[in-house]
Amino acid sequence: MRALICSTPGKLEYKEVPEPQPELGRSILKIRKVGICGTDLHAFQGTQPFFHYPRILGHELSGDLVGGTGEAYTIMPYYSCGHCVACLHGKPNCCSSIQVCGVHIDGGMVEYLSVPDSALIPGGRLSHEALALVEPLAIGAHGVRRAGVQPGEYVLVMGAGPIGLGTMAFASIAGAKVITLDVNQHRLDFCRERLGVMHTIMSISEVATADDLRHITAGQMPTVVIDCTGNLGAIQHGLSYLAHGGRYVLIGLQKAAFSFSHPEFHKRETTLMSSRNATKEDFEHVMHSMRSGLVDPLTFITHRVSFDEVGKEFKGWLDPAKGVIKAMVEL
Ligand SMILES: [Zn+2]
Ligand SMILES: [Zn+2]
């Protein structure tokens with residue numbers, strides 16, 4: 001069968017690889033759709049810290065079970081050990097020896113993929129495209145759940161990329177008044193027009209942003225700030241946008257150490273949290289929200305390509321001028 005392999009940073013190659021064989025406790029999925037995300041693009045660029053090459057990318061997946069009844073499936077690509085402290089406390093999303101399919105181990109840019117039975121989630125009536133979008137949306141849904149977002153509170157989402165958009169959608173579903181901040185006007189327009197986000201702020205300076213936030217919230221400032229940029233400056237400035245008593249959640253990942261003014265952190269009695277991956281509960285929440293029409297997954301797809309084309313199209317998706325929100329590969 002064919003696989004698309006990232007052999008070294010900057011290089012994608014189609015190769016023939018052996019088909020997976022049946023194994024106890026595992027199933028074989030005929031891959032139908034693969035969503036492309038920032039992690040894949042960073043892996044291709046060589047800027048992802050924990051990547052080893054060669055690697056088959058692809059962790060936002062949907063497909064049909066070989067020997068199944070024809071129902072479509074998605075997978076939870078975070079394979080956990082089941083016995084570490086995090087796993088035993090119901091947090092397999094931050095398992096101490098987690099293996100993410102398409103990151104730590106080979107992923108779904110293949111015709112057939114062997115996956116642990118425990119990772120399979122039946123799709124109900126959802127389409128293959130919707131099912132390939134469950135994972136990226138679940139990342140945002142998890143961050144919103146971590147924050148414990150309550151109806152009526154102001155939630156600031158920093159970064160209007162794919163993860164930020166999902167976070168906004170699930171903060172809205174939780175009843176929040178969503179504010180978003182980005183440096184890209186095209187993305188802010190997308191939030192207003194396609195997601196119905198009322199308050200968008202073009203990030204020019206920290207002072208101007210704080211003024212805009214004070215204006216929108218009638219001086220109160222957001223009680224939740226969620227970073228979806230992974231940008232060091234954004235992470236460090238985000239604290240100054242938070243109301244006293246608020247929660248600050250970091251979904252975006254940054255390689256460097258970050259720092260805050262301790263008095264600023266202290267005087268707010270800030271609750272600081274990271275948010276990693278997602279759990280089955282988040283996947284189910286996303287799928288339920290899709291089925292009940294609270295979130296339209298197809299809104300997020302801006303580019304569609306066949307498996308044959310992805311090798312040559314991939315590089316172009318790194319260019320911000322292409323306006324890629326979510327590219328979807330079809331097998
Ligand atoms: Zn992803
Ligand atoms: Zn574990």
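In the predicted model, Ala-218 is found in the loop that connects α7 (206–216) with β14 (224–227). The backbone of Ala-218 has a phi near 55 degrees, a positive value in a residue other than glycine, and Ala-218 is exposed, its relative accessible area being 63%. A positive phi is also computed for Glu-269, likewise a residue other than glycine, with a value near 45 degrees. Glu-269 is placed in the loop between α9 (262–267) and β16 (271–274), where a relative accessibility of 65% makes it count as exposed. Because exposed denotes a relative accessible area over 50%, the 63% of Ala-218 falls within that class, as does the 65% of Glu-269.

A further backbone feature concerns the peptide bond from Tyr-53 to Pro-54, which is cis, with omega near 0 degrees. Pro-54 has its place in the loop that runs between α1 (38–45) and β4 (55–56).

Two zinc ions were examined in terms of their protein donors. For the zinc ion designated ligand 1, the protein donors are the SG atom of Cys-37, the NE2 atom of His-59 and an OE atom of Glu-60, which lie 2.1 to 2.3 Å from the ion. Along the chain, these donors of ligand 1 follow the spacing C-x21-H-E. Of the donor residues, His-59 is buried, with a relative accessible area of 4%, and Glu-60 is buried as well, with a value of 1%. Both assignments follow because buried denotes a relative accessible area under 20%.

The zinc ion designated ligand 2 is coordinated through the SG atoms of Cys-81, Cys-84, Cys-87 and Cys-95, at 2.3 to 2.4 Å. The angles among the 4 donor atoms of this site range from 103 to 118 degrees, and the site is tetrahedral; this assignment follows because four donors count as tetrahedral if all angles lie between 85 and 135 degrees. In sequence, the donors of ligand 2 follow the spacing C-x2-C-x2-C-x7-C. Cys-81 lies in the loop between β7 (78–79) and α2 (85–88), whereas Cys-95 lies in the loop between α2 and β8 (99–100), so that this pair ties together parts that are 14 residues apart in sequence. With regard to accessibility, Cys-81 is partly exposed, with a relative accessible area of 26%, whereas Cys-95, at 2%, counts as buried.

Note on methods
Residues are numbered from 1 along each chain as its sequence is written. Chains are lettered from A and ligands numbered from 1 in the order in which they are written. This is a predicted model: local features need pLDDT of at least 70, side-chain atom pairs count only at pLDDT 80 or more; totals for chains, interfaces and linings use all residues. Side-chain values use heavy atoms; hydrogens and water are left out. Donors are N, O and S atoms within 2.8 Å of the metal (3.2 Å for Na, K and Ca); water is not among the atoms, so sites may look incomplete. Buried means under 20% relative accessible area, exposed over 50%, partly exposed in between (1.4 Å probe, protein chains only). Four donors count as tetrahedral if all angles lie between 85 and 135 degrees; four count as square planar and six as octahedral if opposite donors are over 155 degrees apart and all others between 65 and 115; anything else is irregular. Helices (H or I, at least four residues) and strands (E, at least two) are DSSP runs, numbered from the N terminus.
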